[in-house]
Amino acid sequence: MSTQANLHLKLHVWRQKNASDRGGFVEYDVPGVSSDMSFLEMFDVLNERLIEKGEEPVAFDHDCREGICGMCSMVINGQPHGPKRGVTTCQLHMRTFHDGQEIWVEPFRSSAFPVVKDLVVDRGALDRMVQAGGFVSVRTGGAPDANATPISKVEADLSMDAAACIGCGACVASCKNGSAALFLGAQVSKYKHLPQGLTERHERVANMMAQADLEGFGACGNQAECEAVCPKEIPIRVIAEMYREYLRSTFTGRAIGKQDRKRT
Amino acid sequence: MQAAATPTPSAGGHVWRFLTSSLGAKVTMALTGLGFYAWLCLHMIGNLEIFHGAHFFNGYAHFLHSNEAKPLLWGSRVYLVVVVGLHILSGVRLWWLNRQARAVGYRVRRWRAASLASRTMIWTGVAVAVFVFFHLAHFTWGWFGGAPAIAGCVPPADCKDAYAMVHQAFTNGWVAAGYIVAMGLIGFHLWHAVWSALQTLGLNGPKWTPFAKKLGLALGVLLAVGFVLVPVGVLANFIVAH
Ligand code: FES
């Protein structure tokens, strides 16, 4: 049984030659889109047609196309990753749309994510936040015994829920304030619940927060828009945990951040 | 040389770093907001004394301006200037930071979770600040006439008829309407503010957070209704001229 249908869509796609170009929307008439295609496959079809006509194809980020790499960043009709909850753009199927629908596609908007070209943005700011503290320093050696460090199921689950973050940046794109708090919270929370993460807990949160401010992300307004658009449905619980970690590290006087280290 | 091996951070160093971070501004917002709310509750309870009648209400007003109450009056003035001042400063700072964080906006925007109250905090905040200014000009500085004298009262006794001042003000429908709208805006602001402040202080949980959201709504409504009772009382002739 096939419920496959052909859609005729009207696309408004943000086109921008490079970072210094002003950019603008270009309208595309796209007939013959199968409802079984993913949103990215629809773009593949459009691009093939553009190439045949000798036009520049639309640049967009993608890699795994199975919802785990977090590359496919775009805002579809005002929502990062489109109108469906809990999926990335690559997993969004055209059956979500109806025949004749008008679709606006824009890049993730954040001052910390400069547009590289069309829908491609540079999300290096998130990587630099990870470099600032989103890691555990472990001396590698002989593999430790699997059960040597007991971790309760509850804690392990809380950590895993946060670790589901794929770093796509939809939280930033959706936030009215352009805040990366959900991403930062996920990094802090995934380590907070594991003994391996506790060694560096104080520096981690202070350094990552400092880096987030440096990159020009906004401040969280507790509007929970990020939670609603996150393809991995990471809860804002992790943001509250991050705040607790920062308050704790500040007021127990143990936040030995990078800047403090330099000073001594 | 040896000292350099062990970093010895000064407590001031990272408290300062915290306060100047965007999260520091958020925590300042949360604490000062809750502090202002607490004071407003006292103010509201004081206002409701008007339902006890002119004599009682004027006695209360005269007490607040008496010598014994001076430390209380000035203490609360200093408290308010600090709390509200910091709230406004951090609020404007965050608003500015957040504006910078998205230099280019979206053509299409569809909200899934962000409530209208949460998206308009800066504007309801500004509106309330403007209201507070007019409110002070109206009742504290007496720009529009101030309090009449109590009949038969002889100075040096405090002859200000606060009851009559309030009554006169709210017999004007426009003034009453202005106050009622302003209180609505404060309630609307609090709807998001209360639970947001608690979340910023790190309080979040599967049972707690839904409760905190309802608490915010309840506290917002409570405050707004409490304040609105006075102008409504005047318009409905519960509070009458004496
Ligand atoms: S392309 Fe990897 S998550 Fe979409």
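This is a guided tour of a predicted model, moving from chain B as a whole to single residues in chains A and B.

**Before you select anything**

Residues are numbered from 1 along each chain as its sequence is written, and chains are lettered from A and ligands numbered from 1 in the order in which they are written. Since this is a predicted model, local features need pLDDT of at least 70 and side-chain atom pairs count only at pLDDT 80 or more, while totals for chains, interfaces and linings use all residues; side-chain values use heavy atoms, with hydrogens and water left out.

**Stop 1: the whole of chain B**

Select chain B and show it as a cartoon, where you should find 10 helices and 0 strands. Helices (H or I, at least four residues) and strands (E, at least two) are DSSP runs that are numbered from the N terminus. Followed along the sequence, the pattern of chain B reads α-α-α-α-α-α-α-α-α-α. The radius of gyration of chain B is 22 Å, well over the 18 Å that the globule rule gives for 242 residues, so chain B is more spread out than a compact globule. That radius is taken over C-alpha atoms, and the globule rule is 2.2 Å times the number of residues to the power 0.38. Along the principal axes, the C-alpha atoms of chain B fill a box of roughly 80 × 55 × 35 Å.

Now colour chain B by accessibility: buried residues make up 41% of its 242 residues, where buried means under 20% relative accessible area, exposed over 50%, and partly exposed in between (1.4 Å probe, protein chains only). If you show the surface of chain B, its accessible area comes to about 13500 Å², and 73% of this belongs to carbon and sulfur atoms; such areas come from the Shrake-Rupley method with a 1.4 Å probe, and for residues only the protein chains shown count as cover.

Among the contacts in chain B with a separation of 6 or more, 74% are between residues 24 or more positions apart, a contact being heavy atoms within 4.5 Å. Colouring chain B by charge brings up 16 positive and 4 negative charges, whose mean positions are 38 Å apart. For this count Lys and Arg are positive and Asp and Glu negative, with His and the chain ends not counted, and the place of a charge is NZ of Lys, CZ of Arg, CG of Asp or CD of Glu.

**Stop 2: two places in chain B**

Select Pro155(B), which lies in the loop between helix H7 (121–140) and helix H8 (162–171) of chain B and is exposed, with a relative accessible area of 59%. Add Pro206(B) to the selection: the two prolines are 51 residues apart in sequence and 61 Å apart in space, C-alpha to C-alpha.

Next go to Asn237(B), in the segment after helix H10 (208–235) of chain B. Asn237(B) has a positive phi of about 65° although it is not a glycine, and at 56% relative accessibility it counts as exposed.

**Stop 3: salt bridges in chain A**

Over all chains, a search of the whole structure finds 12 salt bridges, each being a side-chain nitrogen of Lys or Arg within 4 Å of a carboxyl oxygen of Asp or Glu. Select Arg15(A) and Asp118(A), whose side chains meet in one of them (3.2 Å, N to O). This pair links distant parts of the chain, 103 residues apart, with Arg15(A) in strand S1 (residues 6–15) and Asp118(A) in the loop between strand S6 (115–117) and strand S7 (120–121) of chain A. Arg15(A) counts as buried at 14% relative accessibility, and Asp118(A) counts as buried at 2%. Stay on Asp118(A) a moment longer, as it has a positive phi of about 45° although it is not a glycine.

Then select Arg123(A) and Asp61(A), which meet in a salt bridge (3.4 Å, N to O). Arg123(A) is buried, with a relative accessible area of 10%, and Asp61(A) counts as buried at 14%.

For a contrast in setting, select Glu55(A) and Lys53(A), joined by a salt bridge (3.9 Å, N to O): Glu55(A) counts as partly exposed at 36% relative accessibility, and Lys53(A) as exposed at 61%. Finally, Arg201(A), Glu245(A) and Arg248(A) are linked in a network of salt bridges.

**Stop 4: around Cys171(A)**

Which residues should you show around Cys171(A), leaving aside its neighbours within four places in sequence? Cys171(A) is in contact with Ser179(A), Leu182(A), Phe183(A) and Cys226(A). Cys171(A) sits in helix H4 (residues 170–174) of chain A and counts as buried at 11% relative accessibility. To end the tour, add Gly221(A), which is 50 residues from Cys171(A) along the chain, with 12 Å between their C-alpha atoms.
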